[in-house]
Structure formats: C-alpha cells, structure tokens
Amino acid sequence: MNKFLVTGAMGFIGSHWCKFLLENGKTVYGMDLEPTAPELLEYKNFIFIHDTIKNHEILQNAVNQVDCVCHFAGIAEPYQYLKYPRKVIDITAVAGIQLIEMCRVTGKLFFFTSTSEIYGKNTKVPFKEEDDRVLGATTSKRWCYASSKAIVEHYLDACAMSKELDYLVVRLFNVYGPGLRGRVVSNLIDNALRGEELVLHGDGKQTRCYTYIDDVIEAFNLLLFDRNCYNQVFNIGNKRETSVIELAESVKNSGQFSSDIKFLSHNQCYGEGFEDISIRVPDISKLQKYTGWEPKTTLEEGLSKSIKHRKNELTKIG
Ligand SMILES: NC(=O)c1ccc[n+]([C@@H]2O[C@H](COP(=O)([O-])OP(=O)(O)OC[C@H]3O[C@@H](n4cnc5c(N)ncnc54)[C@H](O)[C@@H]3O)[C@@H](O)[C@H]2O)c1
C-alpha cells in the first residue's frame with residue numbers, strides 16, 4: 001500500500017498519522033475543511049484537498065487515486081456533539097457510509113477511527129471488543145456520537161461478511177498529545193499556561209485511560225500493514241487509569257504550574273441531563289496478541305511533551 005486518503009487530515013490524530021505516512025515515503029491525499037496543520041503542506045508527497053467530505057465528486061476522485069481510505073473526519077469535541085448532533089451524525093455516519101460505498105465498489109481498504117464511547121454506560125472493567133453497548137435514550141444528545149460510530153462499524157462488518165470490502169476499526173481511548181484541541185487534557189494545559197484555574201467537570205473522580213499519540217500511531221502502523229488484522233475491531237488504549245483530579249495534578253507537576261483547581265458540575269458545563277461515565281478502561285489483550293503492542297509513553301512524559309509543544313505554539317502566535 002502506497003497511496004492513502006486521510007479525511008480529517010488536519011485534525012489532531014489525522015495530522016500525526018499523515019506525518020508518519022509521509023515520513024515513510026507514502027503518498028497522502030489529505031482532505032479537511034481548513035489547513036490547520038500547515039507543516040503537512042511542506043511535504044512533496046502530500047496533496048491537500050481543501051474541501052468537505054460532503055463534496056461527493058471530489059471525494060470520489062480522491063478515493064479513485066488511493067489504495068486505502070482512512071476516515072478520521074468527525075466531530076470529536078464533546079461540547080460540539082451536544083450542540084451540533086445533526087453534524088455529528090452527518091459526518092461520521094452518513095458521509096462515512098457513502099465513503100464505505102465508494103471503497104466497496106472500487107475495492108479499497110477502509111480504516112476507521114471508532115471510540116471507547118461505543119461501550120456507553122456499561123460498568124464492566126475493562127472493556128473487551130465484544131462487550132455490550134449500554135446507551136441512554138436517543139433524546140440524550142451525547143449518544144449520537146457513539147451510535148454514529150456503531151452504525152459505521154455495523155456497515156463495515158456487513159460488507160466484509162459478504163466479502164465485498166476489507167476494513168480495520170480501532171476504538172480509541174482518550175488520545176492526547178501535541179496538537180490536541182478542545183478535550184480535557186488540552187483544556188487543562190491551556191488553563192495552566194494562561195495562569196487560570198484548572199476547570200474540572202463533575203467531582204473529578206471519574207477515571208480515563210490517557211493514551212499518548214505516538215503510541216497510537218505505532219499501533220495503527222502495526223495493524224494496518226498486517227492483513228491478519230483486517231475485518232476486525234481493536235481497542236487501542238493505555239491501561240493506566242487516571243482520575244481527572246490526578247490528571248490536573250500531573251499537568252501542574254509536569255509544567256510546574258501553581259494554578260488552583262476549580263470544579264464545575266456537568267449541568268453547568270453541558271446543561272441538564274448530561275450523563276457522564278465514571279470509569280472506562282480498555283482490555284488490549286487482542287491488540288497485544290496480534291501485534292505485541294504496548295504503550296511506551298508515561299502520562300508524565302506525554303504531558304511534558306504536550307505542554308512544551310503548546311508553549312511553543314503560543315509563543316509563535318504571540
Ligand atoms: N482524540 C481522541 O481521543 C479520539 C477518541 C476516539 C475516537 N476519535 C476519533 O478519531 C478521529 C480524529 O479525532 P481527533 O481527536 O483528531 O479530532 P479533530 O477534531 O482534531 O479532527 C477531526 C478533523 O475532521 C475535520 N472535519 C470535520 N468535518 C469535516 C468535513 N465535513 N470534511 C472534512 N473534514 C472534516 C475537522 O476539521 C478536523 O480537522 C475522529 O473520528 C474521532 O471521532 C478520537
């Protein structure tokens with residue numbers, strides 16, 4: 001495989017993945033709404049398609065050029081999927097299925113970034129890929145994200161069952177690192193760098209498993225270039241559980257910040273009826289069995305790199 005289409009190429013994960021492919025001599029067609037990762041434009045083997053994936057004709061042309069389509073475009077910031085649920089469903093599910101159809105007809109591999117949100121409110125620890133999805137009512141907006149990802153997973157499974165398409169699905173657990181925006185890790189770093197209070201949602205006791213971007217890119221590489229991994233779903237995540245309070249303390253320690261910590265209720269942040277998940281841990285035994293992958297970056301190392309990168313960015317902006 002030498003030619004890739006990456007939707008959402010200028011986003012956090014998309015830009016890291018494009019950079020990895022480009023550094024390894026691959027040709028990348030990167031599609032996004034804005035050139036927010038301008039460093040990619042420096043690569044001769046990068047073709048930027050400055051357009052929405054809703055532009056069917058442009059998308060079809062791009063699919064025709066490549067061996068593999070990586071569908072990363074999406075609305076990944078929680079406040080956005082509460083505010084713009086139609087957009088979430090449209091980009092992830094509607095455009096996603098249109099893109100799968102293009103791949104099915106032209107015989108292209110489809111690589112999809114799904115999410116740990118897919119397990120919903122299931123209280124099991126840790127989550128295995130075949131575990132139940134436990135979701136709230138369709139009137140609760142937060143579940144539109146998980147449901148959109150799930151319908152794409154179903155559709156891929158159905159296409160592969162009839163041997164019409166090869167795919168790879170990864171379910172990501174709280175990926176962070178340089179370039180992240182609008183998620184808990186980047187928000188806390190921005191709060192600290194601006195000398196503001198670190199704002200935690202809820203009581204801060206909810207835990208997540210924060211996974212550094214370089215480790216995730218390594219897992220993508222191991223999975224995508226091994227045919228034995230195709231037509232399957234894999235969790236990718238660090239098994240270390242960290243409460244949001246611990247995360248805030250680690251941000252303070254890693255950057256030697258003296259900010260205070262402030263708590264806001266979920267209702268204050270997201271409005272009435274927001275359902276948070278208290279614990280979410282990946283079982284990565286399947287990924288380890290297939291690839292031998294282990295996350296290498298500690299939270300402290302990952303936060304230090306993220307803080308350094310953000311400081312440089314803010315210095316450049318001035
Ligand atoms: N970061 C995480 O922890 C995480 C966890 C689980 C799943 N994911 C999934 O991984 C993917 C990438 O996430 P991310 O964290 O890099 O998010 P991101 O917001 O940084 O990147 C998404 C990109 O998609 C682009 N996009 C949105 N609508 C588009 C459209 N109509 N046409 C073209 N591009 C469009 C955005 O401009 C953005 O650059 C998403 O599908 C997300 O759901 C991320």
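Buried here means under 20% relative accessible area, exposed means over 50%, and partly exposed lies in between. The model on screen is predicted.

**Stop 1: Ala150**

Select Ala150, which sits in helix 5. Its relative accessibility is 5%, so Ala150 counts as buried. Now add Thr92 to the selection. Ala150 and Thr92 are separated by 58 residues in sequence, yet their C-alpha atoms are 9.8 Å apart in space.

**Stop 2: the second largest pocket**

Keep Ala150 selected, as it is one of the residues that line the second largest pocket. To show the rest of this lining, select Ile118, Arg133, Glu153, His154, Asp157, Tyr167, Arg171, Asn231, Gln232 and Val233. The volume of this pocket is about 220 Å³. Two or more lining residues come from each of helix 5 (143-161), strand 6 (167-172) and strand 11 (232-236). Which element gives the largest share of the lining? Helix 5 does, with 4 residues. Coloured by residue class, the lining of the second largest pocket divides into 4 nonpolar, 3 polar and 4 charged residues.

**Stop 3: Asn231, then Gln256**

From the pocket lining, centre on Asn231. Asn231 belongs to the loop between helix 7 (213-224) and strand 11. Its phi is positive, about 60°, although Asn231 is not a glycine. Is Asn231 buried, exposed or partly exposed? With a relative accessible area of 29%, Asn231 is partly exposed.

Go next to Gln256, in the loop between helix 8 (244-255) and strand 13 (261-264). Gln256 is another non-glycine residue with a positive phi, here about 50°. The relative accessibility of Gln256 is 75%, so this residue counts as exposed.

**Stop 4: the cis peptide bond**

Select Val125 and Pro126 and display the backbone. The peptide bond joining Val125 and Pro126 is cis, with omega at about -10°. Pro126 is found in the loop that runs between strand 5 (109-115) and helix 5.

**Stop 5: the ligand**

Show the ligand and the 24 residues around it. Which of these residues come nearest? They are Phe12, Ile13, Asp32, Tyr145 and Val175.

Three polar contacts can be picked out here:

- Ile13: a polar backbone atom is 2.8 Å from an oxygen atom of the ligand.
- Thr52: a polar side-chain atom is 3.0 Å from a nitrogen atom of the ligand.
- Phe72: a polar backbone atom is 2.9 Å from an oxygen atom of the ligand.

**Stop 6: Ser15**

Phe12 and Ile13 from the previous stop are among the residues nearest the ligand; from there, move along the chain to Ser15, in helix 1 (residues 12-23). Ser15 has a relative accessible area of 10% and is therefore buried. Add Gly11 and draw a distance from its backbone oxygen to the side chain of Ser15. A polar atom of that side chain lies 2.7 Å from the backbone oxygen of Gly11.

**Stop 7: the cysteines**

Select Cys68, Cys70 and Cys103 and show their sulfur atoms. How many disulfides does the model contain? The count comes to 0. A disulfide needs two cysteine sulfur atoms within 2.5 Å. Why is Cys68 not bonded to Cys70? The closest cysteine sulfur to that of Cys68 is the one in Cys70, and at 4.1 Å it is too far for a bond. Cys103 is in no disulfide either, since its nearest cysteine sulfur, that of Cys68, is 7.9 Å away. Cys68 is buried, at a relative accessible area of 0%. Cys103 is also buried, at 0%.

**Stop 8: the cavity**

Rolling a probe the size of a water molecule over the atoms shows where empty space is left. How many cavities of 30 Å³ or more are there? The count comes to 1. The volume of the largest cavity is about 100 Å³. Its lining has 14 residues; to find its centre, select Gly177, Leu180, Ser186, Ile189 and Ser306, which lie nearest to that point. Helix 6 (184-193) and helix 11 (299-317) are the elements that give two or more residues to the lining of the largest cavity. By class, the lining of the largest cavity divides into 5 nonpolar, 5 polar and 4 charged residues.

Methods: Residues numbered from 1 in each chain as written. Predicted model: local features only at pLDDT ≥ 70, side-chain atom pairs only at ≥ 80, totals over all residues. Heavy atoms only, no water. Buried < 20%, exposed > 50% of the residue type's maximum accessible area, 1.4 Å probe, protein only. 1 Å grid on protein atoms, 1.4 Å probe; cavity = no way out; pocket = protein on both sides within 12 Å on 5 of 7 lines; lining within 4 Å. Points joined across faces, edges and corners; volume = space filled by probe spheres on them. Nonpolar A, V, L, I, M, F, W, Y, C, P; charged D, E, K, R; others polar. Near = heavy atom within 4 Å. Polar contact = N/O pair within 3.5 Å; in protein donor to acceptor, adjacent residues only side chain to side chain.
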